[in-house]
There are 4 protein chains.
Amino acid sequence: MNSFGKIFKISIFGESHGESIGIVIDGCPAGLPLSVDDFTSDFDRRRSGATGTTPRKESDVPHIRSGVFNNFTTGTPIAIVFDNSNTRSGDYSKLRETPRPGHADFVAMKKYGGFEDYRGGGHFSGRMTLGLVAAGVIAKKLIAPVNVRATILEVGGDSNIQRAVEKAVAEKDSIGGIIECRVSGVPVGLGEPFFDSVESVLSHIIFSVPAVKGIEFGSGFKAARMKGSEHNDRLVSVDGKTATNNAGGINGGITNGNDIIFRVPVKPTSSTHQKQHTINIKTGEMVDLEIEGRHDTCIALRIPVVIEAATAIVMADLMMQSQLIPRIFSER
Amino acid sequence: MNSFGKIFKISIFGESHGESIGIVIDGCPAGLPLSVDDFTSDFDRRRSGATGTTPRKESDVPHIRSGVFNNFTTGTPIAIVFDNSNTRSGDYSKLRETPRPGHADFVAMKKYGGFEDYRGGGHFSGRMTLGLVAAGVIAKKLIAPVNVRATILEVGGDSNIQRAVEKAVAEKDSIGGIIECRVSGVPVGLGEPFFDSVESVLSHIIFSVPAVKGIEFGSGFKAARMKGSEHNDRLVSVDGKTATNNAGGINGGITNGNDIIFRVPVKPTSSTHQKQHTINIKTGEMVDLEIEGRHDTCIALRIPVVIEAATAIVMADLMMQSQLIPRIFSER
Amino acid sequence: MNSFGKIFKISIFGESHGESIGIVIDGCPAGLPLSVDDFTSDFDRRRSGATGTTPRKESDVPHIRSGVFNNFTTGTPIAIVFDNSNTRSGDYSKLRETPRPGHADFVAMKKYGGFEDYRGGGHFSGRMTLGLVAAGVIAKKLIAPVNVRATILEVGGDSNIQRAVEKAVAEKDSIGGIIECRVSGVPVGLGEPFFDSVESVLSHIIFSVPAVKGIEFGSGFKAARMKGSEHNDRLVSVDGKTATNNAGGINGGITNGNDIIFRVPVKPTSSTHQKQHTINIKTGEMVDLEIEGRHDTCIALRIPVVIEAATAIVMADLMMQSQLIPRIFSER
Amino acid sequence: MNSFGKIFKISIFGESHGESIGIVIDGCPAGLPLSVDDFTSDFDRRRSGATGTTPRKESDVPHIRSGVFNNFTTGTPIAIVFDNSNTRSGDYSKLRETPRPGHADFVAMKKYGGFEDYRGGGHFSGRMTLGLVAAGVIAKKLIAPVNVRATILEVGGDSNIQRAVEKAVAEKDSIGGIIECRVSGVPVGLGEPFFDSVESVLSHIIFSVPAVKGIEFGSGFKAARMKGSEHNDRLVSVDGKTATNNAGGINGGITNGNDIIFRVPVKPTSSTHQKQHTINIKTGEMVDLEIEGRHDTCIALRIPVVIEAATAIVMADLMMQSQLIPRIFSER
């Protein structure tokens, strides 16, 4: 339930305001150079602090608890644990009977019978993505020179990112955004024809990233309004290159050697400084709700590196399935 | 690779122009009434023949080879096999060196080293969805009164379906469309918080349906342009009902008791009666291509029942994981 | 539940007296030569007819319904179906309320609520092993020159096989036996250190063979009475060869390059021509039971080829996990 | 590879002399009372220190890093980490080129290309079983009143345990033993007919316990020398009780309501104070080997609680698959 992958396999654990969160990565080849410094750059991209992101300073130090010896992976499971700190549990306990709109408060209570750790979203918190980014760092090293890059296309419907965020901050509201991800240098033949199409496995992990509302590959929703004669990508080279890329790099679920391209809409942060309404689930009475504390105005700004990580994890798993990454690592 | 599900588990096999296609369903509870007649209605909806669909008459008779005894499921694997007939292999062999644009011809050859059954798309054929629809029939019976319904929203950008198809037929081109699926009567608490979110497992199977280019839940891509104050669904009842349904029935990956709603764009059929271009992958020379034979002008018309089946399969699996369907079936 | 394997993956279906039994093999590399004749030799070894085996003539013709094209595997799922014939359902219906000792009659009724196909053991029948042998034939071709060979060590406690069987036939009773299996040419490094030790995956599949009561590797139960100084296998060559093979070719769950050796006890056939006792599970009354029909005096005689098949299936899967068998087959 | 289970699912990580070892338990129901004290009793049984066990004082304090809140399980993954301490890495580095007989040194080096953490057996160490015992503690609470109990039958071929151990200590050699495990209060109908027979899943996890050489259920190897008329267990009660229990509580892979009984031989500890021989794998020269440090004379003494844990984990998973343990825990 909390794990993903067939050969390069990850398992996630933890709660936002519990003792720790973490990830176990099983199936990583032996012999990959790995040190704590490798995580810095991607962790910085995920970290909050810029305009439009929460000022909460999270503890992002990765404790590698197993699977690395003398700065190389050993081939056995890599456990990476992050301690939680700077948590203010008091902010959350009073919300217990008044589920916050847009959050998982209500469903968590129903699913886990009230035993869930409800503080700060608990296991549903965006903080869980830190483990995903850590696994992504490792995956990116494995798949190189295959390259994954995700960028923000727009936030609040505006491609002028900074301006849109400042406007939302001024309005004390939150905004969403659209992220595009591109994978280049993709080998032909990854993926499986039916249930494990590349779109299937990518969308599976992408929808585990909180706040994602959809995904489209290549021409995506536009394809529904195109004619076959327009949409078909004409083959122009014996290695599979096509004149256009409406397929998003995938035919019949299998990579065709062109860039994989997909886009993902991210909803506006559910917590805002606006007054909202909900009900008390014990009494059924409607109540006003003001969510105090620190919120991201635009969580979409922090998600590109998470999308990259998720994508790299899938690429590593698919490439291992196709025997393109050996069990004892050696650079290609 | 060709299987899906955790408890209600399906495995698919076959090729379009081989001896047969089929599906094995493992984990279906014992005691579900099942006969060949149960499949008729959904198979008719999938079948070709109407305007805009191929006139090929496929053999859709389900041979139940195991797992049913005295018209009840036994609790052991149900194998359903469909014989292939009315195939014209000669239509395909000459295309061997000139991959059809938009099809899996090129990637299949690369992935399987030329050993693939290339006739009529082989294992990549839309005919494979017949097994999916069969499993969907069983799943729908298991999850009742939970109800799944998919409909066409538009084809070729036009909600006047018949007119749009006739126009495309006249132009000898193909068109795509958008399908909306709605699940009603959904229990609260299905799905898992991280990798097996309801969106993750639904999108996983939906992207195994040929020609699907994307998926969006609830407000979907529109969410990226909404503010938090607009997007949040206000809780109005202690059973989870919300005033709006921008979440598409899912919070934090878990069903919230409102209808699950998602939309799927379907690309225009790749085979058209238009002249196209490709290259000969042996010589590298550009060649003209006219794909003879029988084509669907708008494959989207046949896909709603496939989307329904895929969705019902996921619902059955999730409900069994939540112990809402007993291992020995009894109507709720 | 009815499937096994990670990359070379098999799924089994069917009932002894239903329409058919069969197997689906997913993950087999493309390009392996395969024809119906390949199955003859191993099917003959499994077939009944010799002294000590049932005279029932089973229909052992393999119908390859998918996954093979022009006598080579395609890389997509291989479905092999066997039609049932020569069944005498009447023999079984009257046993419905008086479960046969040693058989699965009672547990099947409880597990499936009476919906199970009870005729001839149904899904629990030894006939199910025919699919396993078929998959074994394919696995053996994949792993060559790695060789798997299982033989009978003793039946009824006697290594003079023919004599022991004739004695049991004369006594109208059944007898068990011990089978030894040896895998030679094994690469070093197969298996995983913890839950997927080679012993773990081998024993997992071996215990799915009906009538198997145990398994021991190398020195096995004798090891419990040996001293460390006696038991340790001394390394004598840089490629891993050891002076003795108490380890049975496996250290820490991983193959060490020596032959894998294990032994398996097979219980005496439960159905005998002796009068037995059971109870009527409706009335609770004790009843005498005479099981008419055709029985194997010594089912162990037919099991070596099944053990071989199961072992070869595991070896194929482990070797594919270790990337020793390419996804497009080429002889080594 | 390092995980086990379908619904109650465990993943293991760590190395003997690395920073830590640990386990993640996914799928545990919410609402189970759990505190650190619950682990004490079983950890004590596993701990070394008595005659015949190593005097090494291991750090057995369980750090529950996630999944428990206010002393109840939350329903999300439970991560339990154990810090390593009291390690003497210096003892091991010099053994690098001279693999110890009976250990995994040689296969680990080959499998992981020399990148493995070779200190103290690394990921192959018996210390890894601490995580298994921790998961077993939780599983035992879930399955109660189903009860699992493993005991030593004999060590060094002698049922007078203390005397046999003292003799071996005096001889500076190591000895093996036989453990019997019994599960009582077992519901009828657990397990699956083919690949996931109860024997299959139990043996799978039991063989992941280091030093186990075999397993036999019920009459086990003796069955091979019994006649059918002797071996068949006669049904004496409508709830499945039988007059004898040669089946070991399992028919056709399914529990029959009688006690599950199996026996496991444990090999003598590979490390002894005797002088041994191996080769230098770089030079090929034969070398004498004296393994200094702390050894268990009879590792079998510490294994019963590990076998119990492994068995309880399987029972929990099987009972959850049969919906006998609800997703929100409540005592039965």
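The following dialogue explains how to read the interfaces, symmetry and selected backbone features of a predicted model.

Visitor: Which conventions apply to this model?

Guide: Residues are numbered from 1 along each chain as its sequence is written, and chains are lettered from A and ligands numbered from 1 in the order in which they are written. The model is predicted, with local features needing pLDDT of at least 70, side-chain atom pairs counting only at pLDDT 80 or more, and totals for chains, interfaces and linings using all residues; side-chain values use heavy atoms and leave out hydrogens and water.

Visitor: How many residues do chain D and chain C each bring to their contact?

Guide: Contact means heavy atoms within 4.5 Å. By that criterion, 99 residues of chain D and 99 residues of chain C take part.

Visitor: What area do chain D and chain C bury between them?

Guide: Buried area is the accessible area (1.4 Å probe) that two parts lose on being put together, summed over both. For chain D and chain C the value is about 7600 Å², with 64% of it on carbon and sulfur atoms. On the side of chain D, the residues that lose the most area to chain C are Phe194(D), Phe195(D) and Phe221(D), together 12% of what that side buries.

Visitor: How many salt bridges and polar contacts does the rule find across the interface of chain D and chain C?

Guide: A salt bridge is a side-chain nitrogen of Lys or Arg within 4 Å of a carboxyl oxygen of Asp or Glu. The rule finds six salt bridges across this interface. One salt bridge links the side chains of Glu192(C) and Lys111(D), at 3.7 Å from N to O. A polar contact is a pair of N or O atoms within 3.5 Å; within protein, one must be able to donate a hydrogen and the other to accept it, and residues adjacent in sequence count only if both atoms are side-chain atoms. There are 34 residue pairs in polar contact between chain D and chain C, both residues being at pLDDT 80 or more. Helix α6 (residues 198-206) of chain D gives the most to the side of chain D that touches chain C, namely six residues; helices (H or I, at least four residues) and strands (E, at least two) are DSSP runs, numbered from the N terminus. That side of chain D divides into 40 nonpolar, 42 polar and 17 charged residues. In this division, Ala, Val, Leu, Ile, Met, Phe, Trp, Tyr, Cys and Pro count as nonpolar, Asp, Glu, Lys and Arg as charged, and the others, Gly among them, as polar.

Visitor: Which strands of chain C and chain D pair with each other?

Guide: Strands of a sheet pair through backbone hydrogen bonds, either parallel or antiparallel. Two strands are taken to pair if DSSP finds at least two bridges between them. Here strand β10 (residues 214-217) of chain C and strand β10 (residues 214-217) of chain D pair in the antiparallel sense over three bridges. Within this pairing, Gly214(C) stands opposite Glu216(D).

Visitor: What rotation superposes chain D on chain C?

Guide: Copies are superposed by least squares on the C-alpha atoms of residues with pLDDT of at least 70 in both. A rotation of 180° with 0.0 Å of shift along its axis superposes chain D on chain C, at an RMSD of 0.0 Å. That is the relation of a two-fold axis. The same surface serves both copies, as 100% of the contact residues of chain D recur in chain C.

Visitor: How is the contact between chain C and chain A made up?

Guide: Nine residues from chain C and nine residues from chain A form this contact. The buried area is about 650 Å², of which carbon and sulfur atoms give 44%. In chain C, Gln321(C), Gln323(C) and Arg327(C) lose the most area to chain A, together 65% of what that side buries. Between chain C and chain A there are zero salt bridges and four residue pairs in polar contact. The side of chain C that touches chain A comprises five nonpolar, three polar and one charged residue.

Visitor: Which residue of chain C comes closest to the rotation axis?

Guide: A turn of 180° and a shift of 0.0 Å along the axis lay chain C on chain A with an RMSD of 0.0 Å. Of the residues of chain C, Gln323(C) comes closest to that axis, at 3.1 Å (C-alpha).

Visitor: Where is a cis peptide bond found in chain C?

Guide: Most residues other than glycine have a negative phi, and most peptide bonds are trans. In chain C, a cis peptide bond joins Ala144(C) and Pro145(C), with omega about 10°. Pro145(C) is in the loop between α4 (129-143) and β8 (147-155) of chain C.
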